[in-house]
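Let's take a look at the open and closed spaces in this protein, and then at some of its charged pairs.

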Amino acid sequence: CSTGIPFDGGLRCLCWKILLNYLPLEKALWSPLLKKQRDLYSQFLKEMIIQPGIAKANLGVSREDVTLEDHPLNPNPDSRWNTYFKDNEVLLQIDKDVRRLYPDMAFFQRPTDYPCLLILDPQNEFETLRKRVEQTTLKSQTVARNRSGVTNVRPSSPLKTTPNTLNEYEVLPNGCEAHWEVVERILFIYAKLNPGIAYVQGMNEIVGPLYYTFATDPNSEWKEHAEADTFFCFTNLMAEIRDNFIKSLDDSQCGITYKMEKVYSTLKEKDVELYLKLQEQNIKPQFFAFRWLTLLLSQEFLLPDVIRIWDSLFADDKRFDFLLLVCCAMLTLIRDQLLEGDFTLNMRLLQDYPISDVHLILKKAKELQDSK
């Protein structure tokens, strides 16, 4: 897997599910486990999306959800309505982020072949998350909890343009939903089930390549369940990298600052001249490595290249130690430019990385690994 998994026959989708500990090695266990997990995911949809939606829809009809004890203005933190409005704040942030996933690719704007029938059943007219966003009048400013550098879209890259308004997207007819809406649902359910971390900007960049890989699986039997499978693989992956997203852990041994420092200490071992140059120019790892590490390089390369890098990362038995070596390889491959450049030039190089041949980068990382 670490040398690149062939896409043919759905091999990559299968390998990722095993590498991310979603599927056991014992093949006979796959069918019952997949059925159980996919049923569980349907249950999450019913409890976290359909039921709150019904409550809201009934408000205009039978008012059964508005009682003396619980009503939309109830300040009690345990109120179902209070929860609904709090969830909307998180949802607005997710919505803003998923609509601009890989804007240079049409895939996320296209309708999925397998819309979620549970929610889109025309008989029921359940409230979809998209409708919830359209109806909510909450100001999105209340959720602008940005962490420095996570998604500072690279200004000099023509590929990272973002539509200015939601209206620039084609509106799909009733009964259809775009792939970005599926990603939105995955993130919303993850946030509901993990209130300690909820949703942090940048998680959309982690779930995007996973979902894209599963939703383009040549095996249609598995492709149909891309949403549930992505959710569980994403949850397992986040269990390993979630500390990067928790601000209060930044300076602990499991936090992102420690990992960024590790990039520099590894570089010092491998190329002391380059290390000293960056130190001398006061180029701190957080200026570029924060995004590289937190988002697993998903914003530095085009999606097919990100997926190829992830083959190697997921296959690494020390889980993401290899990522530090990839970051070092990226630095050493542009060492000549960095040694010649001034602070401004070098910052531009690091924030808009110039080498697009990921095979070259992975080969270099492997060399660094073998030279230990």
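## Spaces and charges

Helix α2 gives the most to the lining of the largest pocket, with six residues. Before going further, a word on the source: this is a predicted model, where local features need pLDDT of at least 70 and side-chain atom pairs count only at pLDDT 80 or more, while totals for chains, interfaces and linings use all residues. Residues are numbered from 1 along each chain as its sequence is written, and side-chain values use heavy atoms, with hydrogens and water left out.

Now back to that pocket (on a 1 Å grid over the protein atoms alone, an open set of points with protein on both sides within 12 Å along at least five of seven lines; lining residues have an atom within 4 Å of a point). The largest pocket has about 580 Å³ of volume, a volume being the space filled by probe spheres set on the points, with grid points joined across faces, edges and corners. Its lining runs to 27 residues, and those nearest the centre are Tyr114, Pro115, Glu224, His225 and Glu227. At least two lining residues come from each of α2 (30-58), α4 (117-120), α6, α7 (203-215) and α9. Helices here are DSSP runs (H or I, at least four residues), numbered from the N terminus.

There is also one cavity of 30 Å³ or more, a cavity being a set of grid points where a 1.4 Å probe fits but cannot get out. The largest cavity holds about 60 Å³ of space. Its lining is made up of Ile49, Ile119, Thr128, Leu129, Arg130, Glu177, Glu181, Glu184 and Arg185. Two or more of these lining residues come from each of α5 (129-135) and α6 (179-193), and α6 gives the most, with three.

What kinds of residue line the two spaces? The table has the split. Ala, Val, Leu, Ile, Met, Phe, Trp, Tyr, Cys and Pro count as nonpolar, Asp, Glu, Lys and Arg as charged, and the others, Gly among them, as polar.

| Space | Volume | Nonpolar | Polar | Charged |
|---|---|---|---|---|
| Largest pocket | about 580 Å³ | 14 residues | five residues | eight residues |
| Largest cavity | about 60 Å³ | three residues | one residue | five residues |

On to the charged pairs. The whole structure has 17 salt bridges, each a side-chain nitrogen of Lys or Arg within 4 Å of a carboxyl oxygen of Asp or Glu. One of them joins Lys17 to Asp229 at 3.6 Å, N to O. This pair links distant parts of the chain, 212 residues apart: Lys17 is in helix α1 (residues 11-19) and Asp229 in helix α9 (residues 226-241). Are these partners buried or exposed? Lys17 counts as buried because its relative accessibility is 1%, and Asp229 is buried too, at 0%. The cut-offs are under 20% relative accessible area for buried, over 50% for exposed, and partly exposed in between (1.4 Å probe, protein chains only).

Asp95 and Arg99 form another salt bridge, at 2.6 Å, N to O. Asp95 is buried at 3%, and Arg99 is buried at 7%.

Finally, Arg335 and Asp271 meet at 2.6 Å, N to O. Arg335 sits in helix α15 (residues 335-340), while Asp271 lies 64 residues away in the loop between α10 (256-270) and α11 (272-280). Arg335 is partly exposed at 23%, whereas Asp271 is buried at 10%. Both belong to a network of salt bridges that also takes in Glu273 and Asp336.
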